[in-house]
Amino acid sequence: MSLFCTFTVDRFFFGVAVGQVQEVIRHQAMTRVPLARPEVRGLINLRGQIITAIDLRRRLGLPAGPEGARNMNVLIKTPDGAISLLVDQIEDVLEVSAESIELPPETLQGDVRELITGACKLKDRLLLLLDTGKTIELPA
Amino acid sequence: MNDDSQQQVIQQQLIKDMLMESLEGLDRFDRELVALEKGEAEADTMNDIFRVIHTMKGTAGCIGLQRIEMVAHAGENVLSLLREGKLSIHPELISTLLALSDALREILRVLEQTGHDGGDADYSALLERLRKCQSLPSAPVAQPSIENTAFGLFDDDPGAHSPEVAKPVAAAPSSASSAQVTSVSEASAPGAPSGKPGVSESAIRVDVVQLDKLMNLVGELVLARNQIVEFTSQAENTALVQAAQRLNIITTELQEGVMKTRMQPISNIWSKLPRIVRDVAQELGKEVELVMEGQSTELDRTVIESIKDPLIHIIRNSIDHGIEAPDRRRAAGKAEKGLLHLRAFHEGGQVNIEVIDDGKGIDLAKVKSKALDAGMVTPDQLSRMTDREALNLIFLPGLSTADQVTAVSGRGVGMDVVRTNIEKIGGSVDIQTTLGEGTTLRIKIPLTLAIIPALVITTCGERFAIPQVSLVELVRLEGEQALKGIEHVFGAPVYRLRGKLLPLVCLDAVLHLERSSSQSADNNVANIIVLKAGEQQFGLIVDAVNDTQEIVVKPLGKHLKGLPVFAGATIMGDGMVALILDVFGLAQHAHVVSQSGKNELSESAGTASKAGAAIRQSLLLFSLGASHRFALPLSSVGRLEKFPSSQVEREGDREVVQYREQIMPLVRLANVLGGTDAANGELPVVVYTVNHRNFGLVVGRIDDIVEETVVLQNEQHRSGILGSSVIQGRVTEMIDVGAIISNQALAS
């Protein structure tokens, strides 16, 4: 059994292993970074640390959210400090058994395919497991 | 500052260091002696005990403290016998050694207070006692008097001595002792009433990591302070406002205090210079007198580390290219000995370091023609340059002002690196020269890197911080002036600042900021921030100028590292993040700074990290015969020389020349790689140094020095060649110098 921190982005339901998450914080005021890559939404101040926030919609090639949406921050631990993934909604921490996890469907194509390590069959929906390392690594 | 007082400063520093080291050592000495006596000593204890005294003796000898040297020497004699097992541990022996330790402490104390060791105190009794120890029987024997003596040693008369004063040395079992006690006590007395703590009590060693942590915390505190001050600026509760003000003051003091703990005198790096200057001067057959002024000027340790290499490079350059050989100096009517003057001083929150030589100066005409030849500037650009701008051409990569291509380690190859390194830490380099009289190079660097004063500005609702070091002035145009003051040259805005055209950059345009309707720019006001990027000034147009603040520089994450326009980020009083503009990067991005210089450098660095294989580098191009063109990386070249073929001698079956008092083997590349070289006349030779041995590669003809991004093709199709590439439209083979030389070294 493993624990996943789950959240929604657009109409999808994603999970990240709890061990990779430093913390989850509510919407933060953001400072835009001109000339930065489009996936980089801006910088937030987390108790004096400056953290880069990545727009997960943009990263996953999903349509932009509604104007003025208040994204939540899922902070992922990295050796060089935390990086924030901006998501729509935070959901529960779920306990998932290894057997319920399958490889992502072959029909899933494109860049997103790289970022999703597996799909977990929950009772009513699919939980997509996100490879945080690759997600944070922005393509050149 | 004259030589004497300079010597004195050094001497004082040396004494201070010696005091620290010795007092620590003596404490350990005592502890270990006692352990030794108790039989609890570890394997290395004996050696350590010996080392303490030995080191003291050595250090004292070096800085001319003869009394310490003499006493320590006597102790060392006993200790070396003990270490060799010729003496065994004996209470009398231990007591004597402890008395030695006390005596040394006493001398050190006198030294600390008076600057010289020991005054007129007499240690003959101790020396005698030490001498006697050497002939002590190797097995301990009962000596009834020892207990008493030992107690006598520690039996301090509370009336006679203040507690800090060390135990009298002369409590040895000798009748002469009483008189000595007084003299020693008196010698130490002057310091005691003053209450000034000794070095050992006033200085401790602290882990640098700890200091860095402390500095980070202070940085956080400064940010929190900024926030509180901002929140309370509108508050009506006077008590709260007062508390905030107090916090403000205390934080500033704390910041200064912590910063001071990280300060180191510049002498830490300067102390190595006399040696370097001597070596370089000797190597080049020049006479140089080094004068250093302002040794005690203090800098943050991170800054000190980062200026070390550039400074050494500049000094080498000054000796190599600035100061002339003695005969030429004499001919020019100067003293044969060249003067190299180093000055360091604080000015306006910055540290200035000047390297002044009285050499031949830099020939501007030559710089210009070299730059023109190398295609770095067009004749048109050159004609418009001021002398100052032209002089700054020497900071471009690949420009050498040396006569012909003789000295590659010249001002051409390295100065761009020097400047880049200094600008990286927010400093600047300025050069002034008078032909025939000398050159002054002035480096300005910030005191510290962590907390900097900055100007906060707003454009399109976004705030940015601009480091104050880059700021020249602020210009505000209102009404009519705002409309007419800014003129356009084919779309490029300029402003006439005191009669000179200042190129303008609109921050919103450079950063592609979008202006929402509510932020529409006020056409009646234009704020121009005049900034300097290297030598070039430009004006930055912003919506509003807010204020100046101390900001804490925080690095940007890896996703943003590639953006040259930002130097980092900081947290503002309201808790929001603001980006810090990198003025140089901004100037490059906006094409204010010439494309040929820094821009290329940073771009090449960028492509190099991405592409990996294709690295931009300076190459020396040469040919062997008409059709064979070769290149080798300039970075590996020691020097370029020319030898008349008459100087070539033979050693066995190889050709050699005498070069700098060495026999240097010559490798004719034509023989290794094919092609032909000039058999007669002058041989152009590239000198390589491998493991202190010089090798000369005879190249046919030196064609050019270029900076190119080399992508090798046909790699390794023959030995001695790395591969080929097209450079300047010609197929050019990159030679593998390492392989050629190691083959040659094996063959010889």
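## A buried lysine and its partner

At 9% relative accessibility, B:Lys554 counts as buried, because the cut-off for that word is under 20%. This is a predicted model, and B:Lys554 is a handy place to start looking around in it. Which residue does B:Lys554 meet in a salt bridge? The partner is B:Glu220, with 2.7 Å from N to O.

The two come from distant parts of chain B: B:Glu220 sits in helix α10 (residues 208–232), while B:Lys554 is in the loop between β16 (544–552) and β17 (566–571), and 334 residues separate them. B:Glu220 is partly exposed, at 28% relative accessibility.

## Two more pairs in chain B

Next up is B:Arg28, which makes a salt bridge with B:Asp48; their closest N and O atoms are 3.1 Å apart. Here the link runs between two helices of chain B, with B:Arg28 in α1 (residues 3–37) and B:Asp48 in α2 (residues 45–62), 20 residues apart. Buried or exposed: how does B:Asp48 count? B:Asp48 is buried, with a relative accessible area of 13%, whereas B:Arg28 is partly exposed at 30%.

Then there's B:Glu473 and B:Arg498, a salt bridge whose closest N and O atoms are 2.5 Å apart. B:Glu473 belongs to strand β10 (residues 471–478) of chain B and B:Arg498 to the loop between β12 (492–497) and β13 (500–506), so this pair ties together parts that lie 25 residues apart in sequence. B:Arg498 counts as exposed, with 65% relative accessibility.

## A network, and the full count

Some salt bridges share partners. That sharing joins B:Glu293, B:Arg343, B:Glu354, B:Asp430 and B:Arg442 into one network.

How many salt bridges are there over all chains? The count comes to 32. As background, side chains of opposite charge can pair when their charged atoms come close.

## Over to chain A

Chain A brings a change of theme: a nonpolar surface patch. A:Leu3, A:Val18 and A:Val93 make this patch, which covers about 230 Å². If you want to find A:Val93, look in strand β8 (residues 89–96) of chain A.

## How confident is the prediction for chain A?

Chain A has a mean pLDDT of 89, and 99% of its residues reach 70 or more. Where in chain A is confidence lowest, and where is it highest? The low end is helix α2 (residues 111–115), at a mean of 82, and the high end is strand β7 (residues 83–87), at 95. A general reading tip: where pLDDT is low, the predicted coordinates should not be read in detail.

Terms used
Residues numbered from 1 in each chain as written. Chains lettered and ligands numbered in written order. Predicted model: local features only at pLDDT ≥ 70, side-chain atom pairs only at ≥ 80, totals over all residues. Heavy atoms only, no water. Salt bridge = Lys/Arg side-chain N within 4 Å of Asp/Glu carboxyl O. Helix = DSSP H or I, 4+ residues; strand = E, 2+ residues; numbered from the N terminus. Buried < 20%, exposed > 50% of the residue type's maximum accessible area, 1.4 Å probe, protein only. Patch = residues over 30% accessible without salt bridge, like charges linked within 9 Å, V, L, I, M, F, W, Y side chains within 5 Å. Areas by Shrake-Rupley, 256 points an atom, 1.4 Å probe, with all protein chains shown as cover. pLDDT = per-residue confidence, 0-100.
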